[in-house]
Amino acid sequence: MMMEEEELEFSEDLEAILHLTPEVQLAIEQVFPSQDPLDRADFNAVEYINTLFPTEQSLANIDEVVNKIRLKIRRLDDNIRMVVRGQTNVGQDGRQALAEAQVAIGQLFGKIKDIKDKAEKSEQMVKEITRDIKQLDHAKRHLTTSITTLNHLHMLARGVDSLEAMTRRRQYGEVANLLQGVVNVLEHFHKYMGIPQIRQLSERVKAAQSELGTQILADFEEAFPAQGSKPKKHKAPDNPFHGIISKCFEPHLYVYIESQDKNLGEMIDRFVSDFRAQGPPKAGTEDGGAVLPSCADLFVYYKKCMVQCSQLSTGEPMIALTTIFQKYLREYAWKILSGNLPKTSSNSGGLTIKSLLQEKEGSEAAKFNVEELCLICSILSTAEYCLATTQQLEEKLKEKVDKTLVERINLTGEMDTFSNVISNSIQLLVQDLDAACDPALTAMSKMPWQSVEHVGDQSPYVTSVIMHIKQNVPIIRGNLASTRKYFTQFCIKFTNSFIPKFINHLFRCKPISMVGAEQLLLDTHSLKTVLLDLPSIGSQVVRKAPASYTKIVVKGMTRAEMILKVVMAPHEPSVVFVDNYIKLLADGNPETFQKTLDMKGLKRSEQSSMLELFRQRLPTPPSGADGGPSFSFSTPTPEQENSRIRKLEKLIKKRL
C-alpha cells in the first residue's frame with residue numbers, strides 16, 4: 001500500500017509542470033540525445049498538435065494518432081514505474097555497500113601498512129648486504145673510466161705524431177682519415193685542458209691543421225698554375241692533385257688524337273704541294289743547302305701538340321700521340337725528303353750504283369746540275385736537323401709521360417729513317433762525282449802507254465778528274481757548311497770509292513813502257529795531291545784535312561804508286577823483282593801479281609816461271625788464332641812513303 005501511494009505521489013508530481021535549469025537540460029541532452037519534439041525543453045503542445053494536424057482533412061485520422069499517443073504514454077508510464085520501483089531499495093543497498101567498503105578499506109590499509117613495514121625492513125637488509133658491492137661497483141666504474149681515458153690519451157699522442165709526419169710527407173689521403181679521428185678523441189679531453197700535457201697536444205693538433213691548410217693551398221696553386229705560368233720546382237713527392245680531373249676525360253681523348261692525326265696529314269700534304277709550287281732552294285742564295293722551313297713548322301706543331309696533350313693526360317693518350325708523331329715523321333722522311341731527291345734521266349727510280357754501272361763506258365754520265373746538288377745538300381741538312389730534333393722529341397716525351405710508360409716511348413726507328421736519308425744523300429753526291437770521273441779513268445786505261453816517249457805535264461784524264469772535283473766539291477762544301485761532319489763523310493766515301501776504281505783502271509793500262517810508268521806515276525802523284533787537298537779545294541780558307549781522311553788517301557794512293565814502282569823496276573833478275581814486289585805491295589794474291597806482270601807486258605811463258613817463283617818466295621804464313629794461315633807484311637809508314645815519293649819526284653825532274 002505504501003509503495004502504491006508513493007507511486008501515486010510520484011505520478012502526480014510528474015503531472016505538474018517540470019522546469020529544469022539550462023545546465024541540467026544540456027547535460028540530459030548530452031547523455032540522452034533525442035530528436036523527439038516531446039523531449040525538448042521548450043515543448044509547446046499547440047504547435048505540436050498543429051504539426052500533427054496541419055489541415056482539416058488531416059483530422060480524419062485523429063483516432064489513429066490519439067491511439068499512437070496513448071500507446072506511447074502507456075509505455076512511458078511503464079518505464080517510469082519500473083525505474084521508481086528500482087530506486088526504492090537503492091538508498092538502503094547503498095548504505096550497506098558503503099559500510100562494507102569502509103570495512104574493506106580499513107583491512108586493506110592495514111595490509112598495506114604491514115607490507116610497507118616489511119619492505120622497509122627488506123630495504124635496510126639489502127642496503128647492508130650490498131654496501132660492499134656498491135663500493136666495488138664504484139671502484140670498477142672509476143677504474144674503467146681511468147683506463148679508457150688513458151687509452152684515449154695514448155691514441156691522441158700517437159695520432160698527433162702520425163699527423164705531423166704525414167703532413168710533412170704530404171700524405172693527404174691518410175691525413176684526412178687520421179685528422180678526423182684525432183679531433184674526435186680530443187673532444188674527450190675538453191674538461192682536462194687544465195693539464196699542461198693535454199693542452200700541449202691540443203695546440204700541436206691546431207698547428208698541424210693550420211700547416212695542412214697552408215700546405216694544401218700551396219699545392220693547389222702549384223697543381224693548377226695560372227695561364228702561361230710555369231710550375232715551381234721543389235714536385236716534394238708528386239702532387240696528388242696533378243691530372244686528377246683530366247683522367248676523367250682520358251677514355252674520350254681519342255677524339256683529340258684523331259683530330260691531330262687529320263691535322264698532321266693535311267700539313268704533310270701542304271708541305272708536298274708547297275715544295276712542288278716553290279721548288280727546291282735556289283743555288284747561290286742564302287737558302288741554298290739550308291734546312292727546309294717545313295721541317296721547323298712540323299716540329300713546332302709537334303711541340304704544341306705535346307704540351308696540349310700533357311695538360312690533358314700523361315697516360316695512354318701520350319702513347320697514342322707518340323704513335324701519330326712516328327707516323328708523320330716517317331711520312332715526312334719519305335714524301336718530303338727521299339721523295340724529292342733528284343733523279344737521273346736514265347732511271348726514274350733515282351740515281352743508283354746499278355744505273356751508273358749500266359752507263360756506257362767512255363760516255364759522259366748525266367751529272368747533277370748546281371740546283372740539284374743544292375737540293376741534295378738541303379735534304380741532307382734537313383734530315384740531320386730532323387735526326388737531332390727527333391732525339392730531343394723522344395727525350396721530351398719521356399719527361400712528359402707517366403714513369404710507368406717511359407719504356408714505350410721509342411723513336412729509334414724514325415731516327416734510323418733520317419739516318420738512311422742522310423746516307424742516301426751522301427751516296428748520291430759520291431756517285432755523281434764518281435760517275436763524272438769514270439770517263440776520264442776509262443780514257444786512262446785506253447791510252448797507249450807503251451808508246452809514250454817522254455814524261456810531260458799531267459795527262460788530260462787527270463785534268464778532267466780535277467776539273468770535276470773542283471766543280472762539285474766547293475758547291476757541296478758550301479751547302480754543307482752547317483753540317484761539316486757530313487761533308488767529311490762525303491770526302492771519305494768518295495775517296496774510298498775513287499781510289500779502288502782508279503787502281504782497277506790502272507791494272508787495265510797494259511803494256512806500259514818505262515816512260516809510260518813514269519808518266520802514270522806523275523799522274524798518280526797529282527791525283528794524290530788533289531785528293532789530299534779535296535776537303536778545302538777551291539776555298540779561300542785552307543783547313544787541314546781530318547787525319548782519318550788523310551790516312552785513307554795516303555794508304556790508297558801509295559798502293560797505286562807502289563804498283564807503278566814495281567812496274568818500273570826491271571824483271572831481271574827474277575828473284576830481286578819478286579822480293580821487291582812482296583816488299584813494296586805486301587800482297588800475297590797471285591792474281592794481283594799477274595796483273596802487275598801484264599802491265600809490264602811479259603809473255604805468258606815468262607809469267608808462269610815468275611808466278612811459281614812468287615809462290616815460293618812468299619813468307620811462311622804463321623798459324624792464326626783459328627788455325628788458318630795469315631800473312632804478315634811490313635807496311636811502310638807515311639813518313640817513309642813520303643820520303644820515297646820525294647825521291648821519285650827528284651828522279652822524274654832529272655829525267656825531264
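Is E123 buried, partly exposed or exposed? In this predicted model, E123 has a relative accessibility of 44% and counts as partly exposed. Full exposure would require over 50%, and burial under 20%. E123 pairs with K127 in a salt bridge, with 3.7 Å between the closest N and O atoms. K127 is partly exposed as well, at 43% relative accessibility. Both residues belong to helix α5. Four residues separate them, about one turn of the helix.

The protein as a whole is helical in its assigned elements. It has 21 helices and zero strands. Of its 656 residues, 35% count as buried. The exposed surface amounts to about 41000 Å². Carbon and sulfur atoms contribute 56% of that area. Salt bridges number 16 in the structure.

Helix α5 spans residues 90-169. A further salt bridge in this helix joins D114 to K118. Here the closest N and O atoms lie 3.6 Å apart. D114 and K118 are four residues apart in α5, so about one helical turn separates them. Their accessibilities fall into separate classes. D114 is partly exposed, with a relative accessible area of 39%. K118 is exposed, because its value of 52% is over the 50% limit.

M166 also lies in α5. Its relative accessible area is 17%, so M166 is buried under the 20% cut-off. Beyond residues up to four places away in sequence, M166 touches Q171, E174, V175 and L178. L212 is 46 residues from M166 along the chain. The C-alpha atoms of M166 and L212 are separated by 9.9 Å.

A salt bridge between two helices is formed by R330 and E414. The N-to-O distance between these side chains is 2.6 Å. R330 sits in helix α10 (residues 316-337), and E414 sits in helix α13 (residues 412-446). The pair therefore ties together parts that are 84 residues apart in sequence. The two partners differ in burial class. R330 is partly exposed, at a relative accessible area of 27%. E414 is buried, at 4% relative accessibility. Elsewhere, D161, E164 and R204 form one network through salt bridges that share partners.

Helix packing was examined next. Two packed helices are described by the angle between their axes and the distance between the axes. Helices α9 (residues 293-312) and α12 (residues 370-400) have axes that come within 11 Å. The crossing angle is roughly 5°. This is under 35 degrees, so α9 is roughly parallel to α12. On the α9 side, the contact involves C295, A296, F299, Y302, M306 and S310. Their counterparts in α12 are T382, Y385, C386, T389, T390, L393, K396, L397 and K400.

Helices α17 (residues 547-568) and α18 (residues 574-585) give a contrasting arrangement: their axes are 10 Å apart, at an angle of about 175°. Because this angle is over 145 degrees, α17 and α18 are roughly antiparallel to each other. From α17, the contact is made by R559, M562, I563, K565 and V566. From α18, the contributing residues are F577, Y581, L584 and L585.

Two residues of this contact, R559 and Y581, also touch T592. T592 is located in helix α19 (residues 590-600). F507 and D587 are likewise in contact with T592. This list leaves out residues up to four places away from T592 in sequence. The relative accessible area of T592 is 10%, so T592 is buried.

On the surface, L20, V24, I28, V31 and F32 make a nonpolar patch. The area of this patch is about 470 Å². One of its members, V24, is placed in helix α2 (residues 22-31). V24 counts as partly exposed because its relative accessibility is 38%, between the 20% and 50% limits.

Conventions. Residues numbered from 1 in each chain as written. Predicted model: local features only at pLDDT ≥ 70, side-chain atom pairs only at ≥ 80, totals over all residues. Heavy atoms only, no water. Buried < 20%, exposed > 50% of the residue type's maximum accessible area, 1.4 Å probe, protein only. Contact = heavy atoms within 4.5 Å. Patch = residues over 30% accessible without salt bridge, like charges linked within 9 Å, V, L, I, M, F, W, Y side chains within 5 Å. Areas by Shrake-Rupley, 256 points an atom, 1.4 Å probe, with all protein chains shown as cover. Salt bridge = Lys/Arg side-chain N within 4 Å of Asp/Glu carboxyl O. Axes fitted to C-alpha atoms, helices over the stretch in contact; angles between N-to-C directions. Parallel < 35°, antiparallel > 145°, perpendicular 65-115°, else oblique.
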